[in-house]
There are 2 protein chains.
Amino acid sequence: MKHIAESTVRRLSLYLRFLEDFEQRGLATISSDELAARGGTTSAQVRKDLSFFGSFGKRGLGYAVPELAAKLRDILGLGREWHVIIIGAGKIGSALAQYHGFRQRGFNVVGIYDSDPAKVGKRVDGFTIRDLASIEKDVAKEEIDIAVLTVPAEAAQQVVTRIVKAGIGAVMNFAPVQLQVPDHIALKNVNMAMELEGLSFALANRTPLND
Amino acid sequence: MKHIAESTVRRLSLYLRFLEDFEQRGLATISSDELAARGGTTSAQVRKDLSFFGSFGKRGLGYAVPELAAKLRDILGLGREWHVIIIGAGKIGSALAQYHGFRQRGFNVVGIYDSDPAKVGKRVDGFTIRDLASIEKDVAKEEIDIAVLTVPAEAAQQVVTRIVKAGIGAVMNFAPVQLQVPDHIALKNVNMAMELEGLSFALANRTPLND
DNA sequence: ATTACTTTGTGAAGGAATTCACAAGCCAAG
DNA sequence: CTTGGCTTGTGAATTCCTTCACAAAGTAAT
C-alpha cells in the first residue's frame with residue numbers, strides 16, 4: 001500500500017468517533033462537509049483522506065454512516081482484539097490499567113509488569129502485577145501486540161530492546177526519552193511535559209497554535 | 001513574529017531535554033549533529049529550527065550548552081511560573097494532580113475542580129477539591145493561565161466555554177471531543193484512544209509509522 | 001600567518017500535505 | 001426522461017516543511 005501520513009490516520013480516528021456518535025443518533029447518511037465541520041477541517045480533506053482507501057460515498061448523497069464506520073474500523077485495525085501489556089506499575093501505569101476504555105475498542109490489557117519486588121504479586125484493578133523478569137517469555141507466549149511503557153526514563157530503552165527482541169509489534173512510550181527501535185516496530189510517544197511546553201510557548205509568544 | 005510550526009516547537013522541547021542532560025554531565029558545547037542524532041532528526045533541521053529565533057552557535061565549534069538551554073527555556077516560555085488548574089477530579093485528573101513533574105518545569109498547579117458534591121471538599125495530594133461553580137471567579141482572581149480538562153466528554157465544551165470567557169489562555173484537553181475555542185486560545189488535545197488506534201493501524205497495515 | 005579542518009546559518013531545491021476547482025454521478029421532482 | 005440541485009472523487013495548484021549544499025566563520029596546528 002501507498003504510504004499514509006500520520007496526520008491522515010489521526011483524522012480517520014476522529015471521523016470514526018463522529019460517525020459512532022451519528023450512528024447512535026440514528027443518522028443514515030453524512031456528507032464530507034458535515035464531517036469536516038465537526039472535526040475542524042475541510043470537506044476536501046475528508047474526501048482526500050478517505051480516497052486513499054477507496055471510494056465509500058455516493059455522489060449527491062454523502063456517506064452511509066454505518067457502512068463508513070465499519071470501513072474505518074476495518075482500516076484502523078479495530079476489527080480484532082489486540083493484546084496489550086502495561087510495563088511499569090507506577091502512578092500512570094496503574095491509572096491506565098484501571099482505564100476500561102481500552103477494552104471497548106478491542107485493546108485487551110492482559111497484564112501489568114514491574115521490576116520492584118515490593119510491587120510484584122500485588123493486585124491492581126484485577127491484575128496481579130507480574131515480575132518484569134518474565135516479560136520475554138510472556139510476550140512470545142501470549143502473543144502480545146502492544147506494550148504501553150510507563151517505566152522511569154533510565155529503564156525505558158533497556159526494556160524496549162528486550163520486548164522488541166521478544167517479538168512485540170508496537171510500543172506506546174510514556175517515558176520522556178527518544179527510544180531507538182527497528183523500522184518495523186510502530187512507536188508512539190506520549191509526553192505531557194512536551195505538550196505543556198507547547199502551550200507555554202503559545203502563551204509566551206501569543207502565537208495562534210493550531211491543533 | 002513569523003509563524004512557527006507546531007513540529008518545530010515540539011523539537012525545541014526535545015532539544016531542551018537533551019541539553020539539560022548534557023548540562024548535568026558537564027558538557028560545555030554540542031554540535032547540531034549530536035543534537036540531531038539524539039533526537040532522531042538531521043543537523044540541518046536542528047539548525048533551521050534554531051534559526052527562527054536567532055543564531056546561537058559558533059561556527060566550527062557548535063553551541064554552548066548552558067547558553068542554548070537558557071535560550072530555549074526562554075523561547076518556550078519556561079522562564080516564569082504558569083498557573084494551572086485541573087478540572088475534573090476523576091482518575092486522570094487526580095493522577096495528574098499528584099504528578100510533581102509539573103512544578104519543576106514551572107507549571108504550578110493551584111487547584112483542582114469537580115462538580116460532584118460528593119467530591120467537593122475532599123483532598124487530593126494536598127489539594128482540596130473545589131466546586132466547579134466557583135471556577136469563573138477563581139480563573140480571574142488567581143490569574144490562571146492553563147486549564148487541564150479531564151471532565152467527561154459531554155461536559156467538556158460547556159466547561160471550556162466558561163473558562164475561556166473567564167480569561168483562560170490555554171487548554172489541554174483530555175476529553176475525546178473536538179473543542180471549539182477562539183483563535184487566541186491555545187489548545188492541545190491528548191487522546192489515548194487516538195494514539196492507540198494509530199498503533200493499531202500500523203499493526204494492521206504493517207506500515208512503518210514515523211513518530 | 002597560513003593551511004587544514006570543523007561547524008554554523010541560510011538561500012534554494014525538493015518533497016509532502018492541504019486546498020482548489022470541476023467533471024462525473026446520483027436523486028428527486030415534474 | 002429531462003432538468004436542477006447536491007455531493008463525491010481527484011488531478012492540478014498551492015502552501016508548508018524538510019533537506020541540500022555551500023559560503024562564511026571559527027579553531028588548532030605548524
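This tour goes through chain A, its contact with chain B, and the two DNA strands. The model is predicted.

**Stop 1: chain A**

Select chain A and hide the rest. Its C-alpha trace spans about 65 × 45 × 35 Å along the principal axes. Colour by secondary structure: nine helices and eleven strands appear. Now colour by burial. Of the 211 residues in chain A, 40% count as buried. Then turn to the contact map. Take the contacts in chain A with a separation of 6 or more: 55% of them join residues 24 or more positions apart.

**Stop 2: where chain B meets chain A**

Bring back chain B. Here 55 residues of chain B are in contact with 55 residues of chain A. Which elements of chain B should be selected on the side that touches chain A? Pick helix 1 (6-24), helix 2, helix 5 (91-97), strand 10 (170-173), strand 11 (186-189) and helix 9 (192-205); each supplies at least two residues. Keep helix 9 of chain B highlighted, as it gives the largest share of this side, 13 residues. Colour the side of chain B that touches chain A by class. It shows 28 nonpolar, 15 polar and twelve charged residues.

**Stop 3: DNA strand C**

Show DNA strand C and select what surrounds it: 29 residues. The closest are Ala5(A) and Gly60(A) from chain A, with Ser55(B), Gly57(B) and Gly60(B) from chain B. Next, select by element. Chain A gives two or more residues from each of helix 1 (6-24) and helix 3 (43-51). Chain B does so from helix 2 (32-39), helix 3 (43-51) and strand 3 (62-64). Which helix provides the largest share of the surface near DNA strand C? Helix 3 of chain B, with six residues. By class, the surface near DNA strand C holds eight nonpolar, 14 polar and seven charged residues.

**Stop 4: DNA strand D**

Switch to DNA strand D and select the 29 residues around it. Coming nearest are Ser55(A), Gly57(A) and Gly60(A) of chain A, plus Ala5(B) and Gly60(B) of chain B. On chain A, click through helix 2 (32-39), helix 3 and strand 3 (62-64); on chain B, helix 1 and helix 3. Each of these elements gives two or more residues to the surface near DNA strand D. Helix 3 of chain A has the largest share here, six residues. Finish with the class colours: eight nonpolar, 14 polar and seven charged residues lie on the surface near DNA strand D.

Definitions and conventions. Residues numbered from 1 in each chain as written. Chains lettered and ligands numbered in written order. Predicted model: local features only at pLDDT ≥ 70, side-chain atom pairs only at ≥ 80, totals over all residues. Near = placed C-beta within 6 Å. Helix = DSSP H or I, 4+ residues; strand = E, 2+ residues; numbered from the N terminus. Nonpolar A, V, L, I, M, F, W, Y, C, P; charged D, E, K, R; others polar. Buried ≥ 20, exposed ≤ 12 C-beta atoms within 10 Å, placed from the backbone. Contact = placed C-beta atoms within 7 Å.
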